[in-house]
Structures are given as structure tokens and as C-alpha cells.
Amino acid sequence: MQSTTVSLRRVPQGRLALWLLIAGELIIFGSAIVVYLLLRLRYPEWGAEAAKTHLSLGAFNTLVLLVSSYFAAKAHEASLKKLKGKVLRYLSLTVLCGLIFLGVKSYEYTEKISHGYTFTSPKLVEAGQGAAALFWSFYYFLTGLHALHVLVGLIAIGFIMYYVKNNKHFHRVELVALYWHMVDLIWIFLFPLLYIMQ
Amino acid sequence: MNIFPEAVSTYAHEMDKLFWLITLFAGLGFFITIGILIYSLIRFRYSPQRKPMTFRGNTFREFRWVALGMALLAFADFYVLYDEHDTWDKMMQSVPEEKDLHIAITGRQWNWIFTYPGPDGKLYTADDVIINEPNSTIHIPIHKNVVFDIRSVDVIHSVFLKEARFKYDAIPGRTITKWVQFHRPGKYELICAELCGVLHSKMRNFIMVESEEVFQQWLDELYAGTNE
Amino acid sequence: MATHTQSFWTKYIFSQDHKVIGAQYLIVGLIMAAVAGFFAYVFRYHLAYPDAEIPLWGTLDPRTYNMLVTTHGALMIFWVAMPILVAAIGNFLIPTMLGTDDMAFPFLNMLSFWVFFLSAVVVVTSLFVPGGGFDGGWTLYPPLSADAYLNTNPDFWKALFSGGSLVILALALEFASMLMGGINFMVTTINKRARGMSFSRMPILVWFMNFSVVTFMFSVGPVIAGALMLLLDRVAGTGFYDAYRGGDPILFQHLFWFFGHPEVYVLLFPTLGVMGEIIPTFARKPLFGYKFIIGASIVAIILSMVVWAHHQFVAGINPYMAVFFSVGTILISIPFAGIILSYVATIFGGNIRLELPMWWAVGFLATFLIGGLTGLYLGSNTFDIYAHDTSFVVAHFHYTLFPITFFGFFAAFYYWFPKYAGRMYNDFLGKLHFWGTFIFFQLFALPIFFLGLNGQPRRMADYTAFETLMQDWHIQFREIATISAILLILTQFIWLYNFIVSLWKGKRVSSDNPWQANTLEWQAPSPPPHGNFEVYPEVYRDPYTFGVVQVNGTKRDFIPQNEKLPS
């Protein structure tokens, strides 16, 4: 749908709206992280639980996301020159990285679940370690919410690739790249908080 | 009709005095503002001949009346804070050293559970006496510092003794320790002030405030009852 | 422009025209207001006559009572005040006041309405699911709202389709919708102002609308995170708020009130904006302290983020922290007092036309003043120990939110009705409506203050269990409040009749600018067509140029923003 015709200021509307969206998203994640940190201070035993996360896989995933952010930036760069082939190539690489991230994440999840560390961790609760179970609730809540954003980002990139393929809306590559950087940024906060802070 | 229920605790009167202080300020603010509003509406009714003023409040000279209003409000605000602080300190920030009676009061759906220290005089020991039934009456001595440990086993409740101006939430997982000293004997209703489920409005117990001797007698009977 | 023909569907249902979307928000909001108002009638009736059969309803058990109170609160705040004050008024006025054709993102605008509509459907559905509607209070305090004591394995689908979970889902949808709408408002304001419309020439209402959505955007994050966790507690059996598993019920209260208190200002700002347009127009005098009002609002927004815990003075928070929050709370009264006094100063010395919208504005100032001043009692941390969770609080927030929502809406309604309907309302019925609403509201809410001061707790299905709450005057006051509430509701039918009849049969307005106001929407045709303006206006001055002037030899007391004066 075409945006309206009368626009007298030259602020790019899409970019402005996206920055506002990102501000909103960061506040949601920010408050979830603050809550996590406050409880982390209350329960030192969470350190022991954090040690059970798969540090190397988490680090690998961080690397994957950083690389994907680089590809997104390259796609944006190419979109300014309307280089269709280059944009599509870099966006595909971004999607690939996103899929690897989600694959590794689901492997981590299945592994943890097979060890009894589930969303509610009933085993820990029965053993009287309610607070430890709460760590895992937070682990799944924060990473799950983040993974959901990765998924939404992938779908959005898919749409943009379709547009670009039809030589339309090159400027929207920038928007999706911005969103992708945000997803990356959130992970950079989550990774040390959930994996490293033991 | 009295605005407040009878004041029966040591800090209840201070709370009521605070109310009248705020009422003084709020009333002044209300009547001055409404007065100016009504005066303007009558005095400046439309007339084709009138040339309305055109000030926009951009200079201090024009703005000073609004600034004065704000300053008065700020003064009233901080005076209230200053005035109330002793009462706040007494109620919230200090539990008296001398605990004449230490009772745990635990909310559950839908009655209050009272735990009295056993004959050893200490709470949370094996000989504690627990009263757990709807509409039960507990007894406490007059002119004594009674300390309550407020807890909950299920949802959030709130201990409300309106005659004593005493109200604190009972929150699962926490123990909130507050005190009260009654200075008038009588039987007072203990209300739950936080929505706690279907029978919230039927959650009622009583507190009987009586002289030391009568209280001791009741306590002895309580102990005897449990020893049966 | 934009004269292409549209089918019924694209014109009225899936419309992208900001005025139609505004009307859609308004209609949904009003329907929800009718539902919430009916609920209020039922439980008020029950409070006054606990044993009586309620006409049009029947008997009321405590569980249903709790459900009605909960739903009344949630609906009135999130499905009446939010859509009407923020979405409807904002949609109608922002593009026209800025002198442009539509919002920056018309498609997003439509989407945000339909997400909102979905949220309304979900919240109404929540009343009819097995197990009944949600009955844990609109503040959703866990553990009561979480149903999860050591329950690590709830039945997911059953828990999802329960009243509480659906209410949380509906809230999430509503927040998403308002966030979309808010982004749209801000981008429109920044990007689509008419030529010459600098920020300092924007009507104060546009400023206030943006303050409203900014406040919403910055405060809603925590409650979204908190509500997601609450939903997970219900459907997945996590223990975020379960004290027996390391969770903390108070945590939710913090997350909720971090949003909940600014939310009051989210609702207050649009109404202040409406008053800021109406008062200068009818006082024929420039708005007093335009820049001061903007500055004071920004201060208030910042302060509003540090006052939330005043809702928790008795919830076991650290007493020293409580003093901090008490200071924040009373500090925030100062900028708002400044704004209200500025409006009074605008009235002072004017040439006042007491037309109907002005009556509503004055009624708002008088009523809201009581609401604001009774906030002093609750902001005082010590007195709040006693007043918290009593009917005093109920009376206080009805004295703030009722004038904000209904006086604000009706003032806006009567003021802009000639513009957007192209016809005039019936003035006599309008005055009757005003006096009925004004008087019955006071008679409804004033007795509740006294009941609260006498220690009557709120949210109680009936008081018959408590002897000290059943004195004769208590019973009489409850009756007065209930009868007034019923009359207050009945009075609104006068408005409904006036609205519908005037919409079809009202006298056509002879002028596009019946109130002789200066802002740009009055320069558009009445009603404004799709695209709003025939010629897009250019702005030469601020919107409050009132006072007698000579223009081209004729005497006038206003100069519209887009009128070019001969130099």
C-alpha cells in the first residue's frame, strides 16, 4: 500500500517508525532483563545453574549472529545502489545464519530438556530447589522470546527478498537490517547474562 | 455520623490529625481555584463590547500567579511530608524493642490463622498454639506493644484493623513485622482488605482487646485447651 | 485528490481513512462502555441492596460480583478510555489539525484498529468461557491471578481458554494495537505537518497526543514482560510469581504499576489537550503558558516513571523507599497543578462564550480538581496506610478517571461534532445531558469518599458480614451512590438520542467554522472529505491568536492559522 501523498518533511517515515519500534522492543526486553538481574542478585545459586548451560554452543551462536548482522549490513549497502543480485545474496546469507542460530538453539533446548531442565523443571522443584527451577524458567523465557524475534526477522527478510526480486521497495532492506541488528544486540546482552555469569 | 471509626491505637489519633491537615490544604486549594473559576465565568461573560485581555503567560510578570499557586502547593506537599514523618517512623520504621506479645497472623482463603507463642513465650517453637477457624476471636492485652508477623500461605491478603488504623498486606513468601498498641478495650473486626478470591467478603475474624489479667486468664485457658 | 470511488467495504469497514478509523474506535469504545456501565449498575445495585433481586440481571453471587468488578475496571481503562481518548480523538484530529490528508501509515492505522477489534472480541469471549470470566481484580495481582501454587503441569489448552489467560492475551493485543497507533501518531506529527507548521505552532492537543503515546511507549514494556510471565505461570506452570519456587508476587506489582501509573497520564493528556483547544476558543483569549504547559508535561512524564510504588505502601516495601516514592508522587502534583491553573488563567479575563463545550470544560476542571486534590491524601505515605484499598481510593480514581474519560470525551464530542458530522446537535438536550452527568456524578462519588474514610474496604461483594460497616448511614450512603449511578447511566441515553437524531436530522452547519476557532481542522469542509482539504493550508501563526483585531476593515476577534494577512 502506498503511503500518503502529502509529506512535507524529509524524514524517512519508515526509518523513523522502525526506530520507535526498536525503542519499544528494547524496553520490553530491558525490563525482562532487569527483573532477571534483580532475582539473580537474590539467588546466588543461579550461578551453578548458569554453569550447566552450553557455553561453547552459546558462544558459537553469538558468532553466527554477529556474522549475520555483518551480512545484513552488506545487503543494506548493496540496496543503496539497487544491486539486486548482491542484495539477494547477502540477505540469503543472513537467513542462513538465522536458521543455523535457531538450529543450534533447538539442539540446546532438546539437550537441556533431556536432562530434566525444562521450562518448569519439576524435578528441581521436587528436590526443593525451586529457585534453581526459576532460573530455567527465565532461561527459556528470555531465549524463547528472543528466538521468536529471530523467527519474525527471518519472515520479514523473506518478504523483503520477494520485493527486491520484483525490483520493488529497495529502501526496506535498510529497515529489516535495522531490525536484525536489534535482534543481534539483544542476544549480546542475553548471552553473558545467561551463559557466562556463573 | 463520625467520619472516622473510633480511634483505639496509639497512632490512630496522629493519622486523623494528618487527615485534617491535608483537608485544610486541599480545601484551601479547592475553594481558591473554584472561586477564581466561578468569578471569571460571571465577571467575563461574553459581550460584543468587551475587549478580552491578551496575555499569554510568557513573561514572569504574567506567570507569577500560576507560579505562586504551584509554590503554595509545593509548600503544602512538603509540610504534609514533614508533619507525617514522625508517625511514619513510629509505624513503619521501628518495631519496639519491648515485644509484650508476639503473634503470627497468617492469611489463607478465607480466614486468618493466628499463632500464639506457647508457654515458653517464644514464637515458632513446637509448643505454639494455632487458632485456625473462620470467625474466631483472639485476645490481646491493652496498653501493650503487640507485634504481628504477617504472612500468607496462598494469595495476597491484607490485615485491616480500621479502628487501629492498621493495615498491611500479607504476602506469600514474606514476613512483614508490624506493631500496634491499643488503648481502648473492645471487640474489633479484623477485615481482609485485598481481594483474595470468592469469599473475600466473608473473611472475618475478631480481636478482643482487654486488660492484662483477663487476657492472661484467656491465654491460660488456651494453653489448657491444647494440653487436653 | 483521493476522489476515487470506494466500495462499501473499503470505505467503511477496511477503511484506511483516519476519520473512519477514528469512528470505528469510537463505536467499539462506546459499545464497551455500555457493557462496562451495565456491569457497574449490577454490582452497585447489589452493594446497596445485598439481598435483592437485581432487575435485568437476577441474583448475584460473590464470584460473579468479583468478575463484574474486575471486568468493569479492565474494560473502562483499556477498552473505553484508551480507544476513545487516545485512538479516536487522535485519529480524528491529528491529521486535520496538522493540515494534512491522513496519517503517515494509513495501512498500519487500519491494522492497529483491527488488532484492537480482535482484542475486544477476545476480552468479551473471556466472559463466556467455561469456568467463567476472570475475577481476580483488574490489576491482575498474582498469585490470585496465576492459579499456580506448585502446579508445574497445568492443562495447557484448558488454562489458555480460561478467563484470566484470555484477558491477558486481550491486553497484549490491545497494547500491540496502541503501540502501532502511537508510532503512527508520532511519525505523522514529525513528518506531515503543513507548510509553516513549526513545532511551536502546533495546537496543544497534538502535543498532548504525542505526550500520551510517548508515555505509553516508555512505560508499557515492563507490563508486557510481566504479563507474558503471568500468562506462562497460568498456562505452562512456571513459577515466576510463585513464592514457593523462588518467584515473587510483588515483582508483578512493580511491573504492573510501573506502567499503571503513567497509564493515568496516558489518558489524562488527551483530555488536557481537548481542554487546551476548547478553553481558548470559548474564552476568546490566547492559551496561557503554551510553552510552560509543554515543559510541565515533559517534567510530569519523567516523574511519572518514578512514582509507581505509591500503590504498594502497605505491600511490604522498604519504608525508606516508600518515602522516596511519596516525594515523587507529591512532586508530580506540581506540574499538573500548573497546567490546570494555566487553564484557569486562560479563562480569567477572557470574553467567555458559555457554549456547551465550554460547560463540559468547566465541569472537567471543577471535578478533576477534586480528583487531583484527594490524591494528596493518598500520596501521603502515612495516611495511605489507612486509606489504601478502601473506598476512598475508589472515589478518588473515579473523580480523576471519570472526568478524564467522559467529560473529556463529551467536551470533544460537542466541540467537534459540527465539524465531523456537518450538522449541529440539539443544544437543549446537550445542556440537560451536561447537568445530569455533572450532578449525578458528584452524588455518586462523594458518598464513597466518606464510606472509605470510615474504613469500608473496596472490592467486597457485600458488607453484611461486618457489623461496623452496616450502620444506618453506611446503608443510606450506599443507596445514594447507587441511585445516582443509575441516574448517571440513564442520563447518557439523552446523549445517545441527541447523537443519533442530530447525525441524521440535525441542522446543517452554515459555516465551516461555527466556533470561530483558529486551528486548521476548521478550515476544512464540514464534514471533511477523504483527503480532508481541498487546498492544503499553509500556516502563518500560532493557533491561539484571539483578541479584537481589524482585518481588511472588519472587526474580528480571531485569525485562523492559515489566514495570510496583508502586510
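Select chains B and C together: 82 residues of chain B are in contact with 95 residues of chain C. The model is predicted, and every stop below is a place in that model.

**Stop 1: chain B against chain C**

Colour the buried surface first. Chain B and chain C bury about 8000 Å² between them, and carbon and sulfur atoms account for 70% of it. On the chain B side, pick Arg56(B), Trp88(B) and Leu195(B); these lose the most area to chain C, and together make up 9% of what that side buries.

Next, show side chains across this contact. There are three salt bridges between chain B and chain C. To see one of them, zoom in on Lys202(B) and Asp462(C), whose side chains meet at 2.9 Å, N to O. Polar contacts between the two chains, with both residues at pLDDT 80 or more, amount to 28 residue pairs.

Switch to a cartoon of chain B. Helices H1 and H2, strand S7 (166-170) and strand S9 (186-192) each supply at least two residues of the side that touches chain C. The biggest contributor is H2(B), with 17 residues. If you colour this side of chain B by residue class, it divides into 47 nonpolar, 17 polar and 18 charged residues.

**Stop 2: inside chain B**

Hide chain C and select residues 12-93 and 101-227 of chain B as separate objects; these are domain 1 and domain 2. Their C-alpha centres lie 42 Å apart. Where they meet, seven residues of domain 1 of chain B are in contact with seven residues of domain 2 of chain B.

The area buried between the two domains of chain B is about 610 Å², with 49% given by carbon and sulfur atoms. Select Ala12(B), Met91(B) and Met92(B): they supply 55% of the area that domain 1 buries against domain 2, more than any other three residues.

Which side chains form the salt bridge here? Go to Arg165(B) and Asp16(B), which meet with N to O at 2.9 Å. One salt bridge is found across this domain interface. Three residue pairs are in polar contact between the domains, both residues being at pLDDT 80 or more.

On the domain 1 side, helix H1 (12-43) and helix H2 (60-93) of chain B each supply at least two of the residues that touch domain 2. H1(B) has the largest share, four residues. By class, this side of domain 1 of chain B divides into four nonpolar, one polar and two charged residues.

Before leaving chain B, centre on Gln109(B) and Trp110(B). A cis peptide bond joins them, with omega about -5°. Trp110(B) lies in the loop between strand S1 (101-108) and strand S2 (111-116) of chain B.

**Stop 3: chain C on its own**

Show chain C alone as a cartoon; it has 15 helices and two strands. Along the principal axes, its C-alpha atoms fill a box of roughly 80 × 50 × 50 Å. A compact globule of 567 residues would have a radius of gyration near 24 Å, and chain C agrees with this at 24 Å.

Two loops are worth a look for their backbone angles. Most residues other than glycine have a negative phi, and most peptide bonds are trans. Leu56(C), not a glycine, has a positive phi of about 70°; find Leu56(C) in the loop between helix H2 (18-48) and helix H3 (62-98) of chain C. Then move to Ser526(C) and Pro527(C), joined by a cis peptide bond with omega about -10°. Pro527(C) is in the loop between helix H15 (472-505) and strand S1 (546-551) of chain C.

**Stop 4: chain C against chain A**

Bring chain A back. This contact takes 44 residues from chain C and 36 residues from chain A. The area buried between chain C and chain A is about 3300 Å², 72% of it from carbon and sulfur atoms.

One salt bridge is found across this interface. Select Asp248(C) and Arg42(A), which form a salt bridge with their closest N and O atoms 2.9 Å apart. Three residue pairs between chain C and chain A are in polar contact, both residues at pLDDT 80 or more.

In chain C, helix H4 (106-125), helix H6 (163-191), helix H7 (204-235) and helix H8 (249-283) each supply at least two residues of the side that touches chain A. H7(C) has the largest share, nine residues. The residues on this side of chain C divide into 26 nonpolar, 11 polar and seven charged.

**Last stop: a loop in chain A**

End on Asn167(A), which is not a glycine yet has a positive phi of about 60°. Look for Asn167(A) in the loop between helix H6 (130-165) and helix H7 (172-196) of chain A.

How values were computed. Residues are numbered from 1 along each chain as its sequence is written. Chains are lettered from A and ligands numbered from 1 in the order in which they are written. Side-chain values use heavy atoms; hydrogens and water are left out. Domain bounds come from an automatic or database domain assignment. Contact means heavy atoms within 4.5 Å. Buried area is the accessible area (1.4 Å probe) that two parts lose on being put together, summed over both. A salt bridge is a side-chain nitrogen of Lys or Arg within 4 Å of a carboxyl oxygen of Asp or Glu. A polar contact is a pair of N or O atoms within 3.5 Å; within protein, one must be able to donate a hydrogen and the other to accept it, and residues adjacent in sequence count only if both atoms are side-chain atoms. Ala, Val, Leu, Ile, Met, Phe, Trp, Tyr, Cys and Pro count as nonpolar, Asp, Glu, Lys and Arg as charged, and the others, Gly among them, as polar. The radius of gyration is taken over C-alpha atoms; the globule rule is 2.2 Å times the number of residues to the power 0.38.
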